[in-house]
Amino acid sequence: MASFKNFLNKQVTIEISGNSNVDGILIEVGNDLLVVFNGEHFLYIPLLHIHNLSESITEESYGVVPSLQELEHEKDELSLRKVLTAAKGIFVEINLSNNRSFHGFITTIMNNYFVFYSPIYKIMYISLQHLKWLTPYLTEKTPYMLSHNLLPVNPSNIPLARTLDVQLNKLIGELVVMNSGENYEYIGKLSSIDSNFIELTTSRGESKLVGLRHLKSIFIP
């Protein structure tokens with residue numbers, strides 16, 4: 001990652017999948033992600049979703065950059081999986097698209113997805129390949145300023161499979177919301193999974209197939 005390291009401690013503009021831009025100071029470069037300070041938060045951005053990065057044309061004042069919370073990882077081995085593992089139980093914000101962010105905490109990391117507890121959506125299964133960025137809370141504040149007794153430490157006892165497709169098989173017959181319901185056609189009963197396609201039965205009883213690789217998140221309402 002020598003090419004990215006040329007931009008360390010400089011103000012950069014990063015284009016991320018979904019026509020979204022991030023501006024800030026490049027703090028760290030890892031094996032498969034970057035860390036950027038945007039003036040308020042540290043954003044951990046997977047390289048998978050970076051379309052381009054350049055030095056900012058105009059200088060912005062980001063004030064004093066606070067000490068980076070290392071999330072228990074070693075700088076020379078910074079990776080997305082290690083960051084996610086170290087962030088378990090810490091309040092974070094995750095972003096899956098340019099207008100979809102969720103607040104809560106990670107409970108479990110599996111092969112290609114992780115389990116996220118949101119005070120709003122409860123248990124969510126999040127595809128790793130669709131995580132645009134993660135930012136840990138820098139203070140002891142809780143999401144929505146909720147008291148800790150409303151945020152269970154172990155919110156679910158559902159057995160977990162190693163991969164998302166196998167886990168989804170456990171939800172067959174359940175009413176589910178996919179991709180946060182950004183499209184009403186992603187809400188329905190999960191009827192079957194076959195050949196990397198999810199079959200949903202809509203509110204009107206119609207059948208709809210959704211490609212598994214386009215699944216960002218799923219939860220049971």
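In what sense do strand E13 and strand E14 pair, and over how many bridges? I began my notebook with this pair, keeping in mind that the model is a predicted one. I found that strand E13, residues 197-201, and strand E14, residues 207-211, pair in the antiparallel sense over 5 bridges.

**Entry on E13 and E14.** I then looked for residues facing each other in this pair, and I noted that Ile198 stands opposite Val210 in E14. Following the chain through the turn, I saw that E13 and E14 form a hairpin with 5 residues between them, and I wrote down that Gly205 in the turn has a positive phi of about 80 degrees.

**Entry on E7, E8 and E9.** Next I turned to E7, which spans residues 100-109, and I found that 4 bridges join E7 to E8, the two strands running antiparallel. The link between E7 and E8 is a hairpin through 3 residues. On its other partner, I recorded that E8 pairs with E9 in the antiparallel sense over 6 bridges, again as a hairpin, with 3 residues between E8 and E9. I could follow a path across the strands by way of Phe116, since Phe116 is the bridge partner of Ile106 in E7, while in E9 the bridge partner of Phe116 is Met124.

**Entry on burial.** Is E8 enclosed or open, and why? I noted that 6 of the 6 residues of E8 are buried, so the strand is largely enclosed by the rest of the structure. Checking the two faces of E8, I found Tyr113, Val115 and Tyr117 buried on one side, and Phe114, Phe116 and Ser118 buried on the other. I also looked up Thr107 in E7; this residue counts as buried because its relative accessibility is 19%, and the cut-off for buried is under 20%. The side chain of Thr107 makes a polar contact of 3.5 Å with the side chain of Thr108.

**Entry on the cores.** Which residues touch the most other members of the largest nonpolar core? In this core of 28 residues I listed Leu84, Ile94, Ile106, Phe114, Phe116 and Leu134. Several elements each supply at least two residues of this core, including helix H2 (80-86), strand E6 (91-97), E7 and E8. Apart from this core lies another, of 23 residues, among them Phe91, Tyr117, Leu168 and Leu171. Lastly I looked up the contacts of Ile106 and, leaving out residues up to four places away in sequence, I found that Ile106 touches Leu84, Ala87, Lys88, Gly89, Phe114, Val115, Phe116 and Leu134.

Methods. Residues are numbered from 1 along each chain as its sequence is written. This is a predicted model: local features need pLDDT of at least 70, side-chain atom pairs count only at pLDDT 80 or more; totals for chains, interfaces and linings use all residues. Side-chain values use heavy atoms; hydrogens and water are left out. Buried means under 20% relative accessible area, exposed over 50%, partly exposed in between (1.4 Å probe, protein chains only). A polar contact is a pair of N or O atoms within 3.5 Å; within protein, one must be able to donate a hydrogen and the other to accept it, and residues adjacent in sequence count only if both atoms are side-chain atoms. A nonpolar core is a set of buried Ala, Val, Leu, Ile, Met, Phe, Trp, Tyr and Cys residues joined through side-chain atoms within 4.5 Å. Contact means heavy atoms within 4.5 Å. Two strands pair if DSSP finds at least two bridges between them.
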